[in-house]
Amino acid sequence: MKVKIFIILLIVTLLTVHQVSSQEAPLLSVTVLNKEIPALPGSTVVVPFSVTNLGNETISNVTVYVTGPAQGFQYSVKVIRTPIEPGESLNDTITLRVLNVPPGEYNLTLVAKAGNVYSSDRFVVSVGVLSDYSLSVEVGRRYIYGHDVAITFKVVSKSNGILLGSIGYRVMSGGVILKSYENSTYLNPGEVWEKTIVLKHPDIGNYTVELWANLGGKYKRVTKTFEVYQRKLSYDVYFMDSAIYVRVFNSTGGVPGIEVSINNATFETDSSGQVSYLVTKPGVYRVTLNLDGKIVTTFVDVKKLILTPTVSNGTIIVQVIDSSGLPVPNVTVVASGPLGTDYEVTNSSGIAVISLKRTGYGSIVIKAESDHYLPGEAIVTVPKPSPTTTSSPTQTPSNTTIPVPPSTSETTPKSSSHLGLILILSGIVLAGTSYFAFAHPIIQEETLDRYYFLKVRAPRLRPLENYRVERPVKAVEVRTTKGNAKVENGKLIWELDLEPGEEAYLQALLG
């Protein structure tokens, strides 16, 4: 009897525990309605499923998700908030995306979770073979004539298998094929075929670029066009204010980005189409411009002002010539000394006369400047002249009577005839002195950087005939304003004829 009572109590206890567990933990079941789903890379797969409430309590907020390979698929999560009554089922779908995975069958699992209770079901995604790819051509629309044109061809595999076939391209202008290519090849999944070609300074005109491929049984083709054009450009090249200026322009204004070379230095025109190049030495400068493929070369002869001062009778006679030996008129000469500054302008012979009354004596700095020449400078020291000494007049004794000629007399005193004789003799002496002072030629020399200058001035009272100047100068080029000059056995030889007072100049480029 006691045994029967114990068994009855045990059964009642187990039933009570089972009922409490059922109330605390709901029961559910998830089922995939399509066990095998076909798909291709890049596609989105829809997985239908059904969730059934197996318990005796209403369930809600059921989370559904898919698990499977870590790579090749993009998964999603779904929450079902609709209440599911006991014994009822709810149908729904969840999506996943197939990436570029190889062909084959992939096992995936659908999981449903409510509270701490899980349910799962398996299904298969059958990924097929996808033969696809993309084509692209990278090239600009317009190019300035004289520049290279780079073209990049690209084929990108979007297949999940190996693509077999051929790839080719063509570049054409005016119906003529300029470049072509064709080759059999293969592409692995996700592989990129890329090739860049460069057209060197193509001619002016319109161009067509074509890229084609036949891979995996699919033929594709893409085309691009571009134009090569030339602008109508003009230019100015000049020297001013110690610099060489280059300006490139068209009908709309200055043109930037034009390549300009001055000797061995290369520049590009700025936003206003200009290039400036500071010059410190005289010489011939080569300027080359690339005007949209048209190469233009010009030369700028930069000359320097050379000053030759000569002190004469309270003045400084300044001869201004350029580095080629020619006189330069209309140049302002500024002389500064202890007393002040004198400003003069050279005449047609390139001569300016400075007054020592304005500058004073001592160290005189003489400068000549012009917009079209490099400035010149010279320093000359002028000593102050000695004061004229005169003997003191003899005092006349107070008791001496000085005879006074009658006011009515018109007879010329004998002293007047003596005075005239003295003036005539003084003129003869002065003429003789001037003759000997100006009977010899004046030669002046100067070396400036790689240039050697020589000036010869004939005497004012006689000409120079068959005059010959020799100097131990090594020169590679000689120019003169008169006569003949040559370089022989390491010597500079200049032969010339000059009229009285005439000047001639020689310029030599030292080697």
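Asp92 is a good place to enter this predicted model: with a relative accessible area of 23%, Asp92 is partly exposed. Its salt-bridge partner is Lys78, and the closest N and O atoms of the two lie 2.7 Å apart. The pair connects distant parts of the chain, since Asp92 sits in strand β7 and Lys78 in strand β6 (residues 77–80), 14 residues apart. Lys78 is likewise partly exposed, at a relative accessible area of 28%. Because partly exposed covers values from 20% to 50%, both Asp92 and Lys78 fall into that class.

This bridge belongs to a set of 19 salt bridges in the structure. Another member joins the side chains of Asp292 and Arg231, with an N to O distance of 2.8 Å. Here, too, distant parts of the chain are linked: Asp292 is in the loop between β24 (283–291) and β25 (294–302), while Arg231 is in the loop between β17 (218–229) and β18 (234–240), and 61 residues separate the two. The surroundings of the partners can be told apart by accessibility, as Asp292 is buried at 2% relative accessible area, whereas Arg231 is partly exposed at 25%.

A third example pairs Glu503 with Arg457, whose closest N and O atoms are 2.7 Å apart. Glu503 belongs to strand β39 (residues 503–510) and Arg457 to strand β34 (residues 451–457), so this salt bridge ties together parts that are 46 residues apart in sequence. Glu503 is partly exposed, with a relative accessible area of 21%. Arg457 has a relative accessibility of 17% and therefore counts as buried, the cut-off being under 20%. Elsewhere, Arg468, Glu470, Lys491 and Glu495 are joined into one network by salt bridges that share partners.

Strand β34 also holds Lys455, and this lysine makes a useful contrast. Lys455 is buried but has no salt bridge; Glu503 is the nearest side chain of opposite charge, 4.0 Å away. Beyond the neighbours within four places in sequence, the contacts of Lys455 are Thr308, Gln319, Ile442, Ile443, Gln444, Glu503, Ala504 and Tyr505. Glu503 thus appears both among the contacts of Lys455 and as the salt-bridge partner of Arg457.

Turning to the nonpolar interior, the largest nonpolar core has 30 residues, of which Leu96, Leu110 and Phe123 touch the most other members. At least two residues of this core come from each of β1 (28–32), β2 (36–39), β3 (44–53), β4 (62–67), β7 (89–98), β8 (104–114) and β9 (117–127). The greatest contribution is that of β8, which supplies five residues. Phe123 shows how such a position is surrounded: leaving out neighbours within four places in sequence, its contacts are Val32, Asn34, Lys35, Ile37, Val47, Val66, Leu96, Tyr106, Asn107, Leu108, Thr109 and Leu110. Leu96 and Leu110 are thus contacts of Phe123 as well as well-connected members of the core. A separate core of 24 residues includes Val137, Tyr143, Ile151 and Val155. In soluble globular proteins, nonpolar side chains tend to be buried together.

The sheets can be illustrated by an open one of four strands, in the order β22-β21-β24-β25 and with antiparallel pairing. Its edge strands, β22 (265–268) and β25, each pair on one side only. From one strand to the next, the twist averages 20°. The antiparallel strands β24 and β25 are joined by nine bridges, and Val302 in β25 is the bridge partner of Gly283. The loop between β24 and β25 is the one that carries Asp292, the salt-bridge partner of Arg231 described above.

At the other end of the accessibility scale is Glu369, in strand β31 (residues 362–370). With 55% relative accessibility, Glu369 counts as exposed because the value is over 50%. Setting aside residues up to four places away in sequence, Glu369 touches Leu305, Val331, Thr332 and Pro375. Val331 is 38 residues from Glu369 in sequence, yet their C-alpha atoms are 6.7 Å apart in space.

For the protein as a whole, three helices and 39 strands are found. Of its 511 residues, 33% count as buried. Among contacts with a separation of 6 or more, 57% are between residues 24 or more positions apart.

Key:
Residues numbered from 1 in each chain as written. Predicted model: local features only at pLDDT ≥ 70, side-chain atom pairs only at ≥ 80, totals over all residues. Heavy atoms only, no water. Core = buried A, V, L, I, M, F, W, Y, C linked by side-chain atoms within 4.5 Å. Buried < 20%, exposed > 50% of the residue type's maximum accessible area, 1.4 Å probe, protein only. Contact = heavy atoms within 4.5 Å. Pairing = 2+ DSSP bridges. Axes fitted to C-alpha atoms, helices over the stretch in contact; angles between N-to-C directions. Lys, Arg positive; Asp, Glu negative; His and termini not counted.
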